[in-house]
Amino acid sequence: MLLQVLCFGRLRELIAPQLAVELSSPATVADLWRTLREQHPALSAYEKSIAIAVNQSFASSSTALAEGDEVALLPPVSGGLAEPELPLVSAHAGLQREPINSTALLAQIKAAEDGAVCLFDGIVRNHSRNRRTLYLDYDSYPAMALAGMEKLAVEALAAFPVRDIRIVHRVGRLEIGETSIIIVVASAHRGAAFDACRWVIDSLKRSVPVWKKEYFEDGATWADGEPFPPDLSL
């Protein structure tokens with residue numbers, strides 16, 4: 001069977017943005033990973049930290065593969081190559097290259113029954129790890145990232161007494177002071193809005209496939225990112 005393998009974040013530079021891999025049938029994710037390690041020995045260093053998605057859904061090592069499947073290798077996420085189909089929009093989330101308009105988002109989400117709106121604005125700072133940052137570049141697995149943000153919004157709406165949520169993430173090159181992500185939560189009471197907003201950004205940082213490359217005066221590096229939850233790791 002022939003599979004299309006996509007690489008993201010630092011794995012793009014380690015291997016390639018995409019490659020075709022042929023396996024004997026039947027085969028699982030574990031078989032594919034074994035083949036990839038043989039072809040690209042440097043991948044062995046990532047065995048305990050990456051996740052794999054099949055057709056834009058997280059997969060385990062036992063997941064069966066079929067002819068034509070799209071398989072993605074996902075290093076730990078932290079927020080660059082933007083895909084041509086952007087912007088992407090769902091009921092509660094968006095992924096875009098253009099600057100995020102927080103004023104428009106606030107106007108869109110506010111309603112008469114709300115007593116509070118909590119807004120998280122993630123911005124590009126001018127330093128990281130004791131080095132001066134010049135700019136950032138965000139890479140994503142677009143459709144899966146949008147689906148992941150939408151899923152988090154729906155889960156937060158079910159878990160917290162809040163009325164509505166919006167999540168918008170930007171990709172591509174971002175300058176110092178620009179907004180990389182906005183999360184807006186509306187509710188009758190401020191406590192629930194704060195709690196839901198914090199849960200969404202913390203969960204997003206662990207599971208949504210967006211990666212960040214930091215550019216400094218003396219070079220560039222991919223941000224390490226937070227480890228995937230155990231149930232999503234390879």
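In this predicted model, Val 168 of strand E13 has Ile 182 as its bridge partner in strand E15. That contact belongs to a pairing of E13 with E15 (residues 179–187), which runs in the antiparallel sense over six bridges. Strand E13 is also joined to strand E9 (residues 93–96), here in parallel and through four bridges, with Ala 93 standing opposite Ile 167 of E13.

Strand E13 itself spans residues 164–170 and is mostly covered, seven of its seven residues being buried. In a regular strand, side chains alternate between the two faces of the sheet. In E13, Asp 164, Arg 166, Val 168 and Arg 170 point one way, while Ile 165, Ile 167 and His 169 point the other way, and all are buried.

Strand E15 also takes part in the lining of the largest pocket, to which it supplies at least two residues, as do strands E10 (116–123), E11 (127–128), E12 (131–140) and E16 (210–216) and helix H5 (190–207). For the second largest pocket, the elements that give two or more lining residues are strand E5 (57–59), helix H4 (142–159) and H5, and H4 gives the most, with six residues.

The two pockets are set out below.

| Pocket | Space | Residues nearest the centre | Lining by class |
|---|---|---|---|
| Largest pocket | about 350 Å³ | Ile 123, Arg 125, Tyr 138, Lys 205 and Lys 212, of 22 residues | nine nonpolar, seven polar and six charged residues |
| Second largest pocket | about 290 Å³ | Phe 58, Gly 148, Lys 151, Leu 152 and Ser 207, of 15 residues | seven nonpolar, five polar and three charged residues |

Key
Residues are numbered from 1 along each chain as its sequence is written. This is a predicted model: local features need pLDDT of at least 70, side-chain atom pairs count only at pLDDT 80 or more; totals for chains, interfaces and linings use all residues. Side-chain values use heavy atoms; hydrogens and water are left out. Buried means under 20% relative accessible area, exposed over 50%, partly exposed in between (1.4 Å probe, protein chains only). Two strands pair if DSSP finds at least two bridges between them. On a 1 Å grid over the protein atoms alone, a cavity is a set of points where a 1.4 Å probe fits but cannot get out, and a pocket is an open set with protein on both sides within 12 Å along at least five of seven lines; lining residues have an atom within 4 Å of a point. Grid points are joined across faces, edges and corners, and a volume is the space filled by probe spheres set on the points. Ala, Val, Leu, Ile, Met, Phe, Trp, Tyr, Cys and Pro count as nonpolar, Asp, Glu, Lys and Arg as charged, and the others, Gly among them, as polar.
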